[in-house]
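Please look first at the sequence and the model shown below, and keep both in view while reading. The paragraphs that follow go from one chain to the other and end with a few details of the backbone.

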Amino acid sequence: MSENVYLIYLISFIIGSIGGLLFSYKQHGEVFIYNKIDILALIIAIVGWILLINFNFLIFILNPIISISIGLFLIAFVIGMRPGYGRYETFLAIVISALIYGLSSLLL
Amino acid sequence: MNLMADIILNVMVAFLFGSILLGFHRKVMARVQLRPGPPIIQHFLHSLKFFFKETGIPRTSSMPFYISITVILCSIWVAAVIIGPVNHGSLLLLFAIYAVYKIVEHNSGSSSGSPYGKMSCVRAVFSASSELPLFAIIAIIYLQVGSMNIGSIVAYQDINGPLIFKLPLVAIVLFILILSKSPYSPFGITKGKDIISGYETEHFGLLRGYIMLSESISWYILSWVFLTIFFGNLSFLSYTIGMLVIAFLIGLINATTPILNPNHSVMSQISIAILGFVGSLLLMFVVF
């Protein structure tokens with residue numbers, strides 16, 4: 001694996017984390033009270049994990065480097081949110097994308 | 001690829017990934033202690049922050065040593081990147097770099113003029129006497145492989161399988177070395193909270209930025225060396241998973257273990273090194 005690609009992945013992860021942190025501080029200025037799933041964060045997490053785990057099935061549409069970079073950016077956006085936020089969304093997204101990976105592997 | 005570009009890319013990767021790993025380590029510690037903990041990129045953000053903060057120089061500091069020591073600290077870990085991931089050079093050189101790192105740690109404390117720094121400087125000598133025997137376990141790798149060159153060690157594993165199955169005690173000893181280098185380590189006497197931040201206490205702003213930069217690189221390099229000499233030629237994904245597992249295990253240990261006092265720390269590490277050394281020789285020449 002070339003270091004260039006490694007660096008691109010790292011940078012997209014870090015930019016995503018910083019973006020997520022700034023975004024969640026803008027959304028939630030209050031003391032941490034968490035009792036519902038944020039739909040927007042859930043959609044971002046699902047798209048991110050699907051792009052990361054299922055990049056092999058998207059090879060006809062997207063170059064793997066691009067899909068993994070975008071996937072890492074979106075994953076980091078949710079993981080990097082203010083401490084406490086984005087955990088359930090990430091967990092659900094991992095389950096959904098793993099299911100999609102499993103189904104795609106069986107069907108294709 | 002051009003050698004210079006290769007070095008710059010590897011140093012950047014080492015810094016970015018090392019700081020994410022340290023952030024992950026801190027997150028694991030926090031979750032074990034039932035705290036939410038800071039975001040994973042907190043260590044990276046801290047490092048960046050220090051580069052833009054005002055740099056103060058204490059009146060009691062020993063100039064220009066006080067400033068140059070941070071640059072030397074950074075340079076030796078950049079040299080480690082060149083010897084390790086870039087060139088697959090000799091383990092002996094990495095051992096030498098670790099020895100110089102312990103001297104720099106000592107001098108960093110003494111140059112600040114702070115009593116905490118000086119205390120840490122004395123402890124750095126203690127810890128060098130225990131951490132260097134831990135690193136000296138690489139002599140066993142030489143006896144097994146017949147070479148200290150990382151490239152040769154990787155080639156040996158391609159033919160004979162991962163060294164971790166042949167030299168498990170050596171792996172444990174080197175793991176203890178990584179553990180002793182980690183933040184909040186039970187063996188981290190030079191940065192024990194009883195002496196504030198030890199040798200780092202009186203380094204502010206840009207100088208602290210250099211120290212944090214070198215900490216990230218050193219964490220990446222030690223993990224890389226561990227994975228490369230015990231598992232051979234790994235893919236990008238395997239290195240990532242391996243480094244995350246190391247950071248997770250060390251975070252778990254650090255979160256549940258108090259910092260030992262200097263005497264206990266040194267004696268524990270030396271005992272582990274001796275047991276690892278003798279045990280590995282017995283395994284090599286008696287059991288196998």
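Two residues are said to be in contact if their C-beta atoms, placed from the backbone, lie within 7 Å. With that in mind, we can turn to chain A of this predicted model, where, among the contacts between residues at least 6 apart in sequence, 81% join residues at least 24 apart. Chain A contains four helices and zero strands, and reading along its sequence gives the pattern α-α-α-α. Taken along the principal axes, the box filled by the C-alpha atoms of chain A is roughly 45 × 35 × 20 Å, and of the 108 residues in this chain, 37% are buried.

Where do the two chains meet, and how many residues does each bring to the contact? Chain B gives 15 residues and chain A gives 14 residues. On the side of chain B that touches chain A, the largest share, six residues, comes from helix 1 of chain B, which covers residues 3-32. Sorted by class, this side of chain B holds 12 nonpolar and three polar residues, and no charged residues.

Helix 1 of chain B also allows a simple check of its geometry. Because a helix is expected to rise 1.5 Å a residue, the 30 residues of helix 1 of chain B should span 44 Å, and the distance of 42 Å between its end C-alpha atoms agrees with this. After helix 1 of chain B comes B:Leu34, which has a positive phi, near 60 degrees.

The next topic is the nonpolar interior. The largest nonpolar core has 98 residues, and among these B:Val173 and B:Ile221 touch the most other members. Helix 9 of chain B, residues 205-231, supplies the largest share of this core, with 15 residues. If the neighbours within four places in sequence are left aside, B:Val173 is in contact with B:Leu134, B:Ile137, B:Ile272, B:Ala273 and B:Gly276.

Some details of the backbone deserve a careful look, and a general rule helps in reading them. Most residues other than glycine have a negative phi, and most peptide bonds are trans. In chain B, however, the peptide bond that joins B:Met63 and B:Pro64 is cis, with omega at about 0 degrees, and B:Pro64 is found in the loop between helix 2 (42-51) and helix 3 (65-86) of chain B. B:His88, which is not a glycine, has a positive phi near 50 degrees, and this residue sits in the loop between helix 3 and helix 4 (91-112) of chain B. Is B:His88 buried, exposed or partly exposed? B:His88 counts as partly exposed because 16 other C-beta atoms lie within 10 Å, whereas 20 or more would make a residue buried and 12 or fewer would make it exposed. B:Tyr184 likewise has a positive phi, about 60 degrees, without being a glycine, and its place is in the loop between helix 8 (168-181) and helix 9 of chain B. With 19 C-beta neighbours inside 10 Å, B:Tyr184 is therefore partly exposed.

Finally, there is the confidence of the prediction. The model scores ipTM 0.86 and pTM 0.90, while chain B has a mean pLDDT of 87, with 99% of its residues at 70 or more. Within chain B, confidence is lowest in helix 5 (residues 115-135), at a mean of 80, and highest in helix 10 (residues 236-256), at 93. Where pLDDT is low, the predicted coordinates should not be read in detail.

How values were computed: Residues are numbered from 1 along each chain as its sequence is written. Chains are lettered from A and ligands numbered from 1 in the order in which they are written. This is a predicted model: local features need pLDDT of at least 70, side-chain atom pairs count only at pLDDT 80 or more; totals for chains, interfaces and linings use all residues. A nonpolar core is a set of buried Ala, Val, Leu, Ile, Met, Phe, Trp, Tyr and Cys residues joined through C-beta atoms within 7 Å. Helices (H or I, at least four residues) and strands (E, at least two) are DSSP runs, numbered from the N terminus. Ala, Val, Leu, Ile, Met, Phe, Trp, Tyr, Cys and Pro count as nonpolar, Asp, Glu, Lys and Arg as charged, and the others, Gly among them, as polar. pLDDT is the predictor's confidence in each residue, from 0 to 100. The expected span of a helix is 1.5 Å times one less than its number of residues.
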